[in-house]
Amino acid sequence: MHDPRPHLGEPLALDLLDTRWNAHGQPQDLLTDVSGLGIWLSAAGLTDRANADVATLNAVLTARSAIYDVVRHAAPAALNEVLDRGRIRRALTDTGPSQVIDVPDITWLPAWLAAANLLDLLAEAPDRIRQCAHPDCVLFFYDTSKNGTRRWHSMATCGNRTKAARHYAKKV
């Protein structure tokens, strides 16, 4: 199935946020049904670990909302509820130390992985989690630029539109 989203390849937590976008001024949402969930699970490389069903969709929608609450409003309560659904279990095996993801209810695995990924991003560089600076764009990205000054999810789309509008405004 084709992934219709305009921006792909972000870390899992932000990729989940980017299942909502605007197209020609109209809000779009990949996760309105289980087929959209299947597209997201495939893009995230999770099809072998999760089912595209209503229970998983509801869990993923809960995680998306919780991640948004943290990124936009610094409100951690809902994210902590998602994280309570699983844990990383440490063990010593024959090959050495290991960390095993333990999410008892498999329907919560994709949601938990996205929430856990947000924690990793926040621990690494919280100031690099950004929303696109274009006023009509709702997409998020993780700024991996050397100097950390990236403003748009894509220079080819939102960056160019912003610069063109600024140029046009100067001429008028």
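## A walk from salt bridges to a helix pair

Start by selecting Asp 29, which counts as partly exposed because its relative accessible area is 27% (buried means under 20%, exposed over 50%, partly exposed in between, with a 1.4 Å probe and protein chains only). Before moving on, know that this is a predicted model, where local features need pLDDT of at least 70 and side-chain atom pairs count only at pLDDT 80 or more, while totals for chains, interfaces and linings use all residues. Residues are numbered from 1 along each chain as its sequence is written, and side-chain values use heavy atoms, leaving out hydrogens and water.

Now add Arg 64 to your selection: its side chain meets that of Asp 29 in a salt bridge, at 2.9 Å from N to O (a side-chain nitrogen of Lys or Arg within 4 Å of a carboxyl oxygen of Asp or Glu). The pair ties together distant parts of the chain, with Arg 64 in helix α3 and Asp 29 in strand β2 (residues 26–29), 35 residues apart. Helices (H or I, at least four residues) and strands (E, at least two) are DSSP runs, numbered from the N terminus. Arg 64 has 5% relative accessibility, so this one counts as buried.

How many salt bridges does the structure hold? There are six. Pick Arg 5 and Asp 15 next, whose side chains form one at 3.1 Å, N to O. Arg 5 sits in the segment before α1 and Asp 15 in helix α1, ten residues apart. Both are buried. Add Asp 3 as well, and you have a network of salt bridges linking Asp 3, Arg 5 and Asp 15.

Next, show helices α3 (residues 54–73) and α5 together: their axes come within 8 Å and cross at roughly 20° (axes are lines fitted to C-alpha atoms, for helices over the stretch in contact, and angles run from 0 to 180 degrees between N-to-C directions). The two helices are therefore roughly parallel to each other (angles under 35 degrees). Where they meet, look for residues including Ala 59, Ala 63 and Ile 67 in α3, and Ala 111, Ala 115 and Leu 118 in α5 (contact means heavy atoms within 4.5 Å).

Swing over to α2 (residues 34–43), where the buried residues are Gly 36, Leu 37, Gly 38, Ile 39, Trp 40 and Leu 41. Their cover includes α1 (12–17), α3 and α5.

Finish on Arg 128, in the loop between α5 (109–124) and β5 (129–131). Arg 128 is buried yet has no salt bridge, and the nearest side chain of opposite charge, Asp 143, is 4.1 Å away.

Key: Lys, Arg positive; Asp, Glu negative; His and termini not counted. Parallel < 35°, antiparallel > 145°, perpendicular 65-115°, else oblique.
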